[in-house]
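Here is a look at one protein chain and the ligand that goes with it. Keep the view open while you read.

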Amino acid sequence: MSGLHLNNVSHAFNSGNPVLNGVSVFVAPGELVCLLGPSGCGKTTLLRVAAGLERLQVGQVTIGERVVAEGRHGKHIPTEKRGIGLMFQDYALFPHLNVLENVTFGLPENAADRRQWALSALSRMGLADYAASYPHILSGGQQQRVALLRALAPEPRVLLLDEPFSGLDVTRRVDIRDVFGQHAQPFRLRPQSACGYRQGFGKSAHGRSPDQRPRLARSRLRLDR
Ligand SMILES: Nc1ncnc2c1ncn2[C@@H]1O[C@H](COP(=O)(O)OP(=O)(O)O)[C@@H](O)[C@H]1O
Ligand SMILES: [Mg+2]
């Protein structure tokens, strides 16, 4: 079956109690799922396991038709060979590359159309004047937008975004969400469909103001501690 499939994944750090305990998630092609849950419940860990930044201990991860990690057999396809786009909380932009070079970093030499896309996407993100600037002069929110475009640029099969809109003020967040929805069209996401629980793990998330709700996501997966 295609899509992203985490099957019965468990993960513990330093042989302690498992942070993830038998978690199964299936994200269908074109589906956008939002992970919710209190701080420390394992959202980042789940994404890192899917990306291969954490070596899988128990369970199986499948992307498309390919098993990319299997705990029992120690199978581990490296992150860069999983066909995924990543954006993690620290943005991790390359300090020695300018903004445009950061966005186009993962593109093959002959991807002229995607380079053109990068320029127009920077413009739509309000970053046209910074294409030749280096990351250190950008604000956190600007760096976040560059990191988001870098993840989108190679048109990966799976996008894993850790708190992608957290560093943005409310107005910018709404703008970026719209831009992201449009850029996500090639992935055939369905940004406006109704939210619903794909799989419940118990407690609900509290204290979210309306602008923080994951409006792009069709499904929300709730993790509990
Ligand atoms: N590299 C690590 N070593 C030890 N503990 C970790 C490591 N990464 C995360 N943890 C612990 O795992 C738990 C889940 O963390 P995390 O996945 O970052 O949660 P969330 O993203 O939901 O806030 C936390 O208790 C955190 O302290
Ligand atoms: Mg986190």
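What follows is a quick walk from the whole chain to one sheet, then to two helices and the ligand shell.

Bear in mind that this is a predicted model. The protein chain has five helices and ten strands. Of its 225 residues, 32% count as buried. As for contacts with a separation of 6 or more, 62% of them join residues 24 or more positions apart.

**The open sheet**

Let's start with a five-stranded open sheet, ordered 2-1-4-5-6, where the pairing is antiparallel. Its edges are strand 2 (18-27) and strand 6 (75-76), each of which pairs on one side only. In general, the strands of a sheet pair through backbone hydrogen bonds, either parallel or antiparallel.

The stretch from strand 4 to strand 6 is worth tracing by eye. Strand 4 (residues 58-63) meets strand 5 (residues 66-70) through four bridges, in the antiparallel sense, and Val-61 sits opposite Ala-69 of strand 5. Next door, strand 5 and strand 6 also run antiparallel, joined by two bridges. Here Ala-69 turns up again, this time opposite His-76 in strand 6.

Both pairs are hairpins, and each has a glycine with a positive phi:

| Hairpin | Residues between the strands | Glycine with positive phi |
|---|---|---|
| Strand 4 and strand 5 | two residues | Gly-64, near 65° |
| Strand 5 and strand 6 | four residues | Gly-74, about 70° |

**Helix 1 and the ligand**

Helix 1 (residues 43-51) lies across strand 1 (4-12), strand 2 and strand 4, and runs at about 120° to strand 1. Which element gives the largest share of the shell around ligand 1? That is helix 1, with three residues. The residues around ligand 1 include a run from Ser-39 through Gly-40, Cys-41, Gly-42, Lys-43 and Thr-44 to Thr-45. Phe-13, Asn-14, Val-19 and Gly-37 are also among them. By class, the shell splits into seven polar, three nonpolar and one charged residues.

**Helix 4**

Now jump to helix 4 (residues 140-152). With 13 residues at 1.5 Å each, helix 4 should span 18 Å, and its end C-alpha atoms are 19 Å apart, so the two agree. Is helix 4 mostly covered or mostly open? Mostly covered: eleven of its 13 residues are buried. The buried set takes in Gln-142, Gln-143 and Gln-144, along with Arg-145 and Arg-150. Val-146, Ala-147, Leu-148, Leu-149, Ala-151 and Leu-152 are buried too.

Note on methods:
Residues are numbered from 1 along each chain as its sequence is written. Chains are lettered from A and ligands numbered from 1 in the order in which they are written. This is a predicted model: local features need pLDDT of at least 70, side-chain atom pairs count only at pLDDT 80 or more; totals for chains, interfaces and linings use all residues. Two strands pair if DSSP finds at least two bridges between them. Two residues are in contact if their C-beta atoms, placed from the backbone, lie within 7 Å. Axes are lines fitted to C-alpha atoms, for helices over the stretch in contact, and angles run from 0 to 180 degrees between N-to-C directions. A residue is buried if 20 or more other C-beta atoms lie within 10 Å of its own, exposed if 12 or fewer, and partly exposed in between; C-beta atoms are placed from the backbone. The expected span of a helix is 1.5 Å times one less than its number of residues. A residue is near a molecule or strand if its C-beta atom, placed from the backbone, lies within 6 Å of it. Ala, Val, Leu, Ile, Met, Phe, Trp, Tyr, Cys and Pro count as nonpolar, Asp, Glu, Lys and Arg as charged, and the others, Gly among them, as polar.
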